[in-house]
Amino acid sequence: MQTTRRFPLMRRFLFPYSGEDSLSLRQSARVMLAWAVLLPLIMSLLVIPIAFLMDSSWRGILAMFAFAFFSGMGIFGILGLLIILVNNQSARIRRAWKTRQGQQ
């Protein structure tokens with residue numbers, strides 16, 4: 001009987017894979033959505049209380065929220081893509097290394 005490994009909560013959201021295998025297109029999309037939407041949304045929601053403390057208008061609050069969300073989406077989206085590329089490359093290297101070890 002094979003047991004599945006339970007990752008910590010944030011790891012389950014951001015990268016719930018072992019890294020042993022390359023990610024499929026669906027798995028890659030899940031990682032990209034988590035990194036490009038979840039993290040910027042949290043970051044943007046944290047901007048709202050700061051904007052209230054600065055006594056900004058609703059237009060200013062909305063502008064700060066949008067700026068934080070879209071800039072975070074770009075930054076974390078690129079990081080998510082980098083994580084996917086590095087994971088898939090390391091999985092291919094690991095697979096090739098295991099294949100070479102089995103041939104010797």
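This report describes the fold, one helix, two buried asparagines and the aromatic pairs of a predicted model.

## Overall fold

The chain contains 3 helices and 0 strands. Followed along the sequence, these elements give the pattern α-α-α. The radius of gyration is 19 Å, well over the 13 Å that the globule rule gives for 104 residues, so the chain is more spread out than a compact globule. The C-alpha trace spans about 70 × 30 × 20 Å along its principal axes.

Of the 104 residues in the chain, 26% are buried. The chain exposes about 7,900 Å², and carbon and sulfur atoms supply 69% of that area. Contacts can also be sorted by separation in sequence: among those between residues at least 6 apart, 59% join residues at least 24 apart.

## Helix H2

Helix H2 covers residues 25-53, which is 29 residues. From its first C-alpha to its last, H2 reaches 43 Å, close to the 42 Å expected at 1.5 Å a residue.

The buried residues of H2 include Ser28, Val31, Ala34, Trp35, Ala36 and Leu39. Pro40, Ser44, Val47 and Ala51 complete the buried set of this helix. Just after H2, the backbone at Asp55 adopts a positive phi of about 60°.

## Asn87 and Asn88 in helix H3

Asn88 belongs to helix H3, which runs over residues 58-103. Asn87 is also placed in H3. With a relative accessible area of 12%, Asn88 falls under the 20% limit and is therefore buried. Asn87, at 7% relative accessibility, likewise counts as buried.

Leaving aside residues up to four places away in sequence, Asn88 touches Ser22 and Leu23. At Leu23 there is a polar approach: a polar atom of the Asn88 side chain lies 2.7 Å from the backbone nitrogen of Leu23. With the same exclusion of residues up to four places away, Asn87 touches Phe15, Gly19, Asp21 and Leu23. Leu23 is thus among the residues touched by Asn88 and among those touched by Asn87.

## Aromatic pairs

The structure holds 4 aromatic pairs. In one of them, the ring centres of Phe52 and Trp58 are 5.6 Å apart and the planes stand at 85°, so this pair is edge-to-face. Phe52 lies in the range of helix H2, residues 25-53, and Trp58 lies in that of helix H3, residues 58-103. Phe52 has 44% relative accessibility and counts as partly exposed, while Trp58, at 65%, counts as exposed.

Phe69 and Phe70 also form an edge-to-face pair, with 5.4 Å centre to centre and 75° between the planes. Their accessibilities fall in separate classes: Phe69 is buried, with a relative accessible area of 16%, whereas Phe70 is exposed at 55%. Phe65 joins Phe69 and Phe70 in one aromatic cluster.

Terms used:
Residues are numbered from 1 along each chain as its sequence is written. This is a predicted model: local features need pLDDT of at least 70, side-chain atom pairs count only at pLDDT 80 or more; totals for chains, interfaces and linings use all residues. Side-chain values use heavy atoms; hydrogens and water are left out. Helices (H or I, at least four residues) and strands (E, at least two) are DSSP runs, numbered from the N terminus. The expected span of a helix is 1.5 Å times one less than its number of residues. Buried means under 20% relative accessible area, exposed over 50%, partly exposed in between (1.4 Å probe, protein chains only). The radius of gyration is taken over C-alpha atoms; the globule rule is 2.2 Å times the number of residues to the power 0.38. Contact means heavy atoms within 4.5 Å. Accessible areas come from the Shrake-Rupley method with a 1.4 Å probe; for residues, only the protein chains shown count as cover. A polar contact is a pair of N or O atoms within 3.5 Å; within protein, one must be able to donate a hydrogen and the other to accept it, and residues adjacent in sequence count only if both atoms are side-chain atoms. Rings of Phe, Tyr and Trp (its six-membered ring) pair if their centres lie within 6.5 Å; planes under 30 degrees apart count as stacked, over 60 as edge-to-face and the rest as tilted.
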